[in-house]
Amino acid sequence: MDIDDILAEVSGDGSPLETRDLQELTRAWVTERSAPELLPWPSELIERVLERIHQQIEVVEEQVGSVNPKTNFRLIVIQTELERFKFLVRSFLRTRMAKINKYALYMLSTPTQTARLSASELQYANTHQTLLEAHYRSSFLTQFPTSLQRLDDTAGGISMVEQPDTDTAVFVRVLRDIEVPIVIEGTDTDFEMRRGDVYVVRWSAVREYVMNGDAELI
């Protein structure tokens, strides 16, 4: 099964919750890795996935050492599925942490970005930024004039706070017809997006549609 198979659309009524969670988690992982900015934390999905991982670990621990061939085969299946879920969760979290490390000050100073962090991520971002500022001050900032010691300085119309480049090109696949023409800001380019189409386009032009599920990054 390749990534396209996992991300294929399924009917919410006809697929088991476990299958839908795997597909949602895979889609969240791919989207987070492809998007230039941090995306909203999928709290309900992660809670369900972590609970399932915990339950499967308990099953494996209870049945490990069984001499029953059927039980052993079942454990192999469970462990394989467990490792798949654990890999996706770990990679998903690492991707988000990399963005937090890079844009911590921007996220903490922008309410809309702060709202996208989980409670643990918010605590991590605050701790990371505090330690980073302390390191900078002890290393070199104290040697500068007071007016030049701010890490969020905007003097001269130039911000020192690094932000994601929302004009980064992304690959996007359309899941539902989008009736409103897509307009590329700063150009005279506009086009329609139809279900099944794949485009290479600026993230800023399709962010809204990826966020609401009309399209997905690939």
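The legends below accompany an overview and four close-up views of a predicted model.

**Figure 1. Overview of the chain and its secondary structure.** The predicted chain contains 7 helices and 5 strands. From the start of the sequence to its end, these elements are arranged as α-α-α-α-α-α-β-β-β-β-α-β. Of the 218 residues, 36% count as buried. Among contacts with a separation of 6 or more, 61% are between residues 24 or more positions apart. The exposed area of the chain comes to about 13,200 Å², and carbon and sulfur atoms supply 54% of this area.

**Figure 2. Surroundings of R96 in helix 4.** R96 belongs to helix 4, which covers residues 69–109. Its relative accessibility is 0%, and because buried means under 20%, R96 counts as buried. The side chain of R96 forms a polar contact with the side chain of E121, at 2.6 Å. When neighbours within four places in sequence are left aside, the residues in contact with R96 are E32, L38, L39, P40, W41, R116, L117 and E121. E121 is thus both a polar partner of R96 and a member of this contact list.

**Figure 3. Contacts of L88 in helix 4.** Helix 4 also holds L88. L88 has a relative accessibility of 5% and therefore counts as buried, the limit being under 20%. With residues up to four places away in sequence not counted, L88 touches L22, L25, T26 and W29. One of these residues, L25, is 63 residues from L88 along the chain, yet the C-alpha atoms of the pair are separated by 7.2 Å.

**Figure 4. The hairpin of strand 2 and strand 3.** Strand 2 spans residues 178–183 and strand 3 spans residues 190–193; the two run antiparallel and are joined by 3 bridges. I182 has F191 in strand 3 as its bridge partner. Between the strands of this hairpin lie 6 residues, and in the turn G186 adopts a positive phi of about 85°.

**Figure 5. A nonpolar surface patch that includes F171.** F171, V198, V200 and I218 make a nonpolar patch of about 360 Å² on the surface. Among these residues, F171 is located in strand 1, which comprises residues 169–174. The relative accessible area of F171 is 46%, so this residue is classed as partly exposed. The class follows because 46% falls between the limit for buried, under 20%, and that for exposed, over 50%.

Definitions and conventions:
Residues numbered from 1 in each chain as written. Predicted model: local features only at pLDDT ≥ 70, side-chain atom pairs only at ≥ 80, totals over all residues. Heavy atoms only, no water. Pairing = 2+ DSSP bridges. Helix = DSSP H or I, 4+ residues; strand = E, 2+ residues; numbered from the N terminus. Buried < 20%, exposed > 50% of the residue type's maximum accessible area, 1.4 Å probe, protein only. Polar contact = N/O pair within 3.5 Å; in protein donor to acceptor, adjacent residues only side chain to side chain. Contact = heavy atoms within 4.5 Å. Patch = residues over 30% accessible without salt bridge, like charges linked within 9 Å, V, L, I, M, F, W, Y side chains within 5 Å. Areas by Shrake-Rupley, 256 points an atom, 1.4 Å probe, with all protein chains shown as cover. Salt bridge = Lys/Arg side-chain N within 4 Å of Asp/Glu carboxyl O.
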